[in-house]
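I sat down with this one to look things up piece by piece, and these are my notes. Keep the viewer open and follow along.

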Amino acid sequence: PNIKAGWGHLLDCAKLAVQNPGKMFTTAHGRVSMACTTKGDWLAMRIPSGRQIMFAKPKIELTRRVWRDEDGDLVEDEGKPSLTALKAPMWVRRPLYGGMIANAATQGGCRDILCHGLLAVDEEITPLGGNIILDVHDEIDAELPDDAAYDHEDLIRTMTTDLLARLPWLAGMPLVAAGATLK
């Protein structure tokens, strides 16, 4: 229920921002803010990492629904106000709903954690002669010399405990990782 309520709060915040260009609105206990440019070209969502996720040409418009009732007759409602934005890569107008906005914030935050983690791991292993060779989704693969005093436990510490200490916006995040050393 809290997740669904959170989606509603995000959508309400986005709608307020679109209806009041140039003003900022916050939600998620002040950790997410949204504002629409004064021309209404962009809706910007600032996520806890400080990065902005942008939605193009947001607008609130009536969306009419047509469906078949139990008897098979076509029914059309009067429509309700719905938030929409242009979506890449085809730049087609699509509805924005709370779950989609939450997904953008969540995935954006996860990307930011991974990027900071990659930089932190690189700082640790480069002096040891190691290299990050690949990252896939939320995984880091690195090569180290056999005699390096750094293993998967060190990488896990770098990606969790060290990041939590380094990045104040992660305060309270239940950040965990797993890993393995392959020889």
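**Entry 1, a threonine in a helix.** I began with Thr158. Setting aside residues up to four places away in sequence, Thr158 touches Ala120, Val121, Glu124, Tyr150 and Leu163. I should say at once that this is a predicted model. Thr158 sits in helix α3, which covers residues 152-166. Is Thr158 buried or exposed? Its relative accessibility is 1%, so Thr158 counts as buried.

**Entry 2, the rest of α3.** I then looked along the helix. A kink of about 35° is centred on Thr158. I checked the length too: 15 residues at 1.5 Å a residue should span 21 Å, and the end C-alpha atoms of α3 are 20 Å apart, which agrees. Which residues of α3 are buried? I noted Leu155, Ile156, Thr158, Met159, Thr160 and Leu163. What do they pack against? The buried residues of α3 pack against α2 and β10, the latter being residues 139-143. As a reminder to myself, an α-helix has 3.6 residues a turn, so residues three or four places apart point the same way.

**Entry 3, the sheet.** Next I traced the strands. Six of them form an open sheet, in the order β1-β2-β3-β4-β7-β8, with antiparallel pairing. The edge strands are β1 (24-27) and β8 (92-95), each of which pairs on one side only. From one strand to the next, the twist averages 35°.

**Entry 4, the β1 end.** I zoomed in on β1. Its side chains alternate: Phe25 and Thr27 point to one face and are buried, while Met24 and Thr26 point to the other and are not. Four bridges pair β1 with β2 in the antiparallel sense, and Phe25 stands opposite Met34 in β2. The hairpin of these two strands has four residues between them, and there Ala28 takes a positive phi near 55°.

**Entry 5, β4 and β7.** I moved along to another pair. Strand β4 (residues 52-63) and strand β7 (residues 80-87) run antiparallel and are joined by six bridges. Glu61 stands opposite Ser82 in β7.

**Entry 6, a leucine in β7.** I stayed on β7 for Leu83. At 1% relative accessibility, Leu83 counts as buried. What is Leu83 in contact with, leaving aside its neighbours within four places in sequence? The list includes Leu11, Ala14, Lys15 and Val18, and also Pro58, Lys59 and Ile60. Arg94, Pro95 and Leu96 are in contact with Leu83 as well. I also looked up Trp7, 76 residues from Leu83 along the chain: their C-alpha atoms are separated by 13 Å.

**Entry 7, helices across the sheet.** Which strands does each helix lie across? Helix α1 (residues 2-19) lies across β1, β2 (32-36), β3 (42-46), β4 and β7, and runs at about 30° to β2. Helix α2 (residues 98-125) lies across β2, β3, β4, β7 and β8, and runs at about 175° to β4.

**Entry 8, cysteines.** Last, I searched the whole structure for disulfides and found zero. Why is Cys13 not bonded to Cys36? The closest cysteine sulfur to that of Cys13 is in Cys36, and at 12 Å it is too far for a bond. Both cysteines are tucked away by the numbers: Cys13 counts as buried at 4% relative accessibility, and Cys36 is buried with a relative accessible area of 4%.

Notes. Residues are numbered from 1 along each chain as its sequence is written. This is a predicted model: local features need pLDDT of at least 70, side-chain atom pairs count only at pLDDT 80 or more; totals for chains, interfaces and linings use all residues. Side-chain values use heavy atoms; hydrogens and water are left out. Two strands pair if DSSP finds at least two bridges between them. Axes are lines fitted to C-alpha atoms, for helices over the stretch in contact, and angles run from 0 to 180 degrees between N-to-C directions. Contact means heavy atoms within 4.5 Å. Buried means under 20% relative accessible area, exposed over 50%, partly exposed in between (1.4 Å probe, protein chains only). A disulfide is a pair of cysteine sulfur atoms within 2.5 Å. The expected span of a helix is 1.5 Å times one less than its number of residues. The bend at a residue is the angle between axes fitted to the seven residues ending there and the seven starting there.
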